[in-house]
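Colleague: I would like to go through this model term by term. For each label, tell me what justifies it.

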2 protein chains.
Amino acid sequence: MKLAVLGAGAVGSSVAELASQYGHTITALADSQSAVVDADGIDVDSALARKQAEGIVGDAEPEEALSASYDVLVEATPTTLGEAEPGFTHVTEALNRDKHVVLANKGPVAERYGEVREAEQDSEGTVLFEATVGGAMPVLSTIADFDADKITAVRGVLNGTANFILSRMAAEGLGYEHVLAEAQDLGVAETDPSFDVDGTDAALKCVILANVLSEGEECTLEDAVVEGIRDLPSSALDLANEDGKTIRLIGEVSDDGVRVGPRLIEENTALTVTGTRNIVQVETTHAGVLNISGRGAGGPETASAVFADIGRLPNQ
Amino acid sequence: MKLAVLGAGAVGSSVAELASQYGHTITALADSQSAVVDADGIDVDSALARKQAEGIVGDAEPEEALSASYDVLVEATPTTLGEAEPGFTHVTEALNRDKHVVLANKGPVAERYGEVREAEQDSEGTVLFEATVGGAMPVLSTIADFDADKITAVRGVLNGTANFILSRMAAEGLGYEHVLAEAQDLGVAETDPSFDVDGTDAALKCVILANVLSEGEECTLEDAVVEGIRDLPSSALDLANEDGKTIRLIGEVSDDGVRVGPRLIEENTALTVTGTRNIVQVETTHAGVLNISGRGAGGPETASAVFADIGRLPNQ
């Protein structure tokens, strides 16, 4: 398949780098400033080297990537809230051209799910977005396999940064600020960690799950009840520990809606993954509880989910 | 889709019972003695009630199910070794009629994988077999999503009976014979537990995984190095425990081939599931290690995997 990749951050770069291993050709790659376009396949290595050296991937305008020749648009620009732009416009423009869209950007399917599905219905193209929930973990495909209406709840640890901080706080008896600084030094947390520690990132994933599970009743970030981990005192973790428990930032989609917050859970159970690992529990009507754990973020990990989606597209 | 179900044990009965919830119609159901066939849809409840009361599902001959009107043949007869009959013949007869086949029976894809694939190539029908490995867990679909050549190894706890016995032995300090008797009382172990405790069942699953992963080099049970848990003294578990470890029956497919046997593993890691739960670890090139755990056996659980396969069939 011919892929146009929008976004040249960790995920977009990994998709571009690994595409040939999956038998695909990159015909366009864009960052926010520039693009490189070639219907016969761009030179990925030199585009990424130029990005590294000069901060741009090529001499074309970013818009040229969107109008390039491709079968699948891979939307990997940063997630934005509210209008989810420019991701949303990228999605609809590709669909208007009857092209497939594979999203790594959570915005369009978290904030404007109904509109994305409508645009898809009017198009020959299909929209898939496994990469938006849990990186490498096959969460959405598992839900599709089981049929959304045979799933009663989905919950889990959906943010690696928050989980790293909480598991370090619990293991070392350290305070939030101390562990956050450590996580920032290690590159596990961003300079502005709000998106992760306030629960927004986990909530967006839960909202996407809710949209997939409800099939009809649309959900956005505004419908989610979200609490982060900033104000969690280390004494709470000590207390939990005395009782054989610990605290994790758990996101949950159930009949009670979408909720994200610090929860007291038993030690050494499926939900107590440590470090940056993620876990998702899928509660089914006929098959009990399934647990899926793995790397919930990272360039090549998320790219793997993008390629899984591409492999699942119809008409190949 | 119209389904013909061969086998009216736990899995076949569950497929028949749940089919209407997934929008499918059962046009034939057979056990080893009898069948009930109706191109407009059989009365599943009365067929299963008759099975309960009289030991047969209907008045037709079993062969009539195979020649009935259906889109998908669900092969859920008991797994047999060697020639994998009569399962293998069921598969090829359906493929000769250009029908799809969904297997819950491990025999044909463990013992005669190459022949099944050949028959599939000459047919309009597709063969899927998620239900043969790990019940409800989406193992084969995950491998397909990641691309077999991006997977370096698959290992896990693939037999619930053996895992129940080992985890009870470890937790209670009891001997093998004692726990086996307990498992038999609970219905977790068969009267003749050989298939489970000798590692055969886990090995068949690993052989199927090896066939899917190697794509070409065929593997059968004869190629697997298999050791069971019958001779494992409880003192070995005590020794492991003193060192923070435990013992599980682990099946593994890697560059070293297919191996099943009791292995010393760390306590409280992903592989140490307890009771009858199963876990599969998928080691990938680009996305680290994925863990999938859940119910590895059971009627409705395995039926869920059958329906997932049916949902994935082409041309619907």
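Modeller: Start with pairing: two strands pair if DSSP finds at least two bridges between them. The model is predicted. In it, seven bridges join E11(B) to E12(B), and the two strands run antiparallel. Set against a cut-off of at least two bridges, the seven bridges between E11(B) and E12(B) qualify them as a pair.

Colleague: Which residue stands opposite Glu283(B) in E12(B)?

Modeller: Val289(B) is the residue of E12(B) opposite Glu283(B). The connection between E11(B) and E12(B) is a hairpin with four residues between the strands. In that turn, Gly288(B) has a positive phi of about 65°.

Colleague: What makes E11(B) largely enclosed by the rest of the structure?

Modeller: A residue is buried if 20 or more other C-beta atoms lie within 10 Å of its own. Strand E11 (residues 277-284) of chain B has seven of its eight residues buried, so the strand is largely enclosed by the rest of the structure. E11(B) also pairs with strand E7 (residues 151-157) of chain B, antiparallel, through six bridges. There, Gly156(B) has Val280(B) in E11(B) as its bridge partner.

Colleague: How do you know that E2(B) is mostly covered?

Modeller: The burial count settles that too: strand E2 (residues 25-30) of chain B has five of its six residues buried. E2(B) pairs with strand E1 (residues 2-6) of chain B in the parallel sense, over five bridges. One of the contacts in that pairing is Leu3(B) with its bridge partner Ile26(B) in E2(B).

Colleague: What makes the crossover from E1(B) to E2(B) right-handed?

Modeller: The path from E1(B) to E2(B) goes through helix H1 (residues 10-18) of chain B, as a β-α-β crossover. A crossover is right-handed if, with the strands pointing away from the viewer, the path over the helix runs clockwise. The crossover from E1(B) through H1(B) to E2(B) is right-handed.

Colleague: How many bridges join E2(B) to E3(B), and in what sense do they run?

Modeller: E2(B) and strand E3 (residues 35-37) of chain B run antiparallel, joined by three bridges. Three bridges satisfy the requirement of at least two. Leu29(B) has Val36(B) in E3(B) as its bridge partner. A hairpin of four residues connects E2(B) to E3(B).

Colleague: Now the other chain. Why is chain A said to agree with a compact globule?

Modeller: Chain A has 316 residues, for which a compact globule would have a radius of gyration near 20 Å; chain A has 20 Å, so it agrees. Its C-alpha trace spans about 60 × 45 × 35 Å along the principal axes. Of the 316 residues, 56% are buried. Of the contacts in chain A with a separation of 6 or more, 68% are between residues 24 or more positions apart.

Colleague: What covers the buried residues of H1(A)?

Modeller: Helix H1 (residues 10-18) of chain A has seven of its nine residues buried, so the helix is largely enclosed by the rest of the structure. Among those buried are Val11(A), Gly12(A) and Leu18(A). The cover includes strands E1 (2-6), E2 (25-30) and E4 (72-75) and helices H2 (44-54) and H13 of chain A.

Colleague: Which domains is chain A divided into, and how many residues of each are in contact?

Modeller: Domain 1 is 2-135 + 299-312, and domain 2 is 140-295. Their C-alpha centres are separated by 27 Å. Contact requires C-beta atoms within 7 Å, and 16 residues of domain 1 of chain A touch 15 residues of domain 2. H5(A) gives the largest share on the domain 1 side, three residues.

Colleague: And between the chains: what makes E12 of chain A and E12(B) a pair?

Modeller: Strand E12 (residues 289-295) of chain A and E12(B) have three bridges in the antiparallel sense. With at least two needed, the three bridges make them a pair across the chains. Ser293(A) stands opposite Asn291(B) in E12(B). The contact between the chains takes 29 residues from chain B and 29 residues from chain A. On the chain B side, E12(B) gives the largest share, seven residues. That side has 14 nonpolar, 11 polar and four charged residues.

Methods
Residues are numbered from 1 along each chain as its sequence is written. Chains are lettered from A and ligands numbered from 1 in the order in which they are written. This is a predicted model: local features need pLDDT of at least 70, side-chain atom pairs count only at pLDDT 80 or more; totals for chains, interfaces and linings use all residues. The radius of gyration is taken over C-alpha atoms; the globule rule is 2.2 Å times the number of residues to the power 0.38. A residue is buried if 20 or more other C-beta atoms lie within 10 Å of its own, exposed if 12 or fewer, and partly exposed in between; C-beta atoms are placed from the backbone. Two residues are in contact if their C-beta atoms, placed from the backbone, lie within 7 Å. Ala, Val, Leu, Ile, Met, Phe, Trp, Tyr, Cys and Pro count as nonpolar, Asp, Glu, Lys and Arg as charged, and the others, Gly among them, as polar. Domain bounds come from an automatic or database domain assignment.
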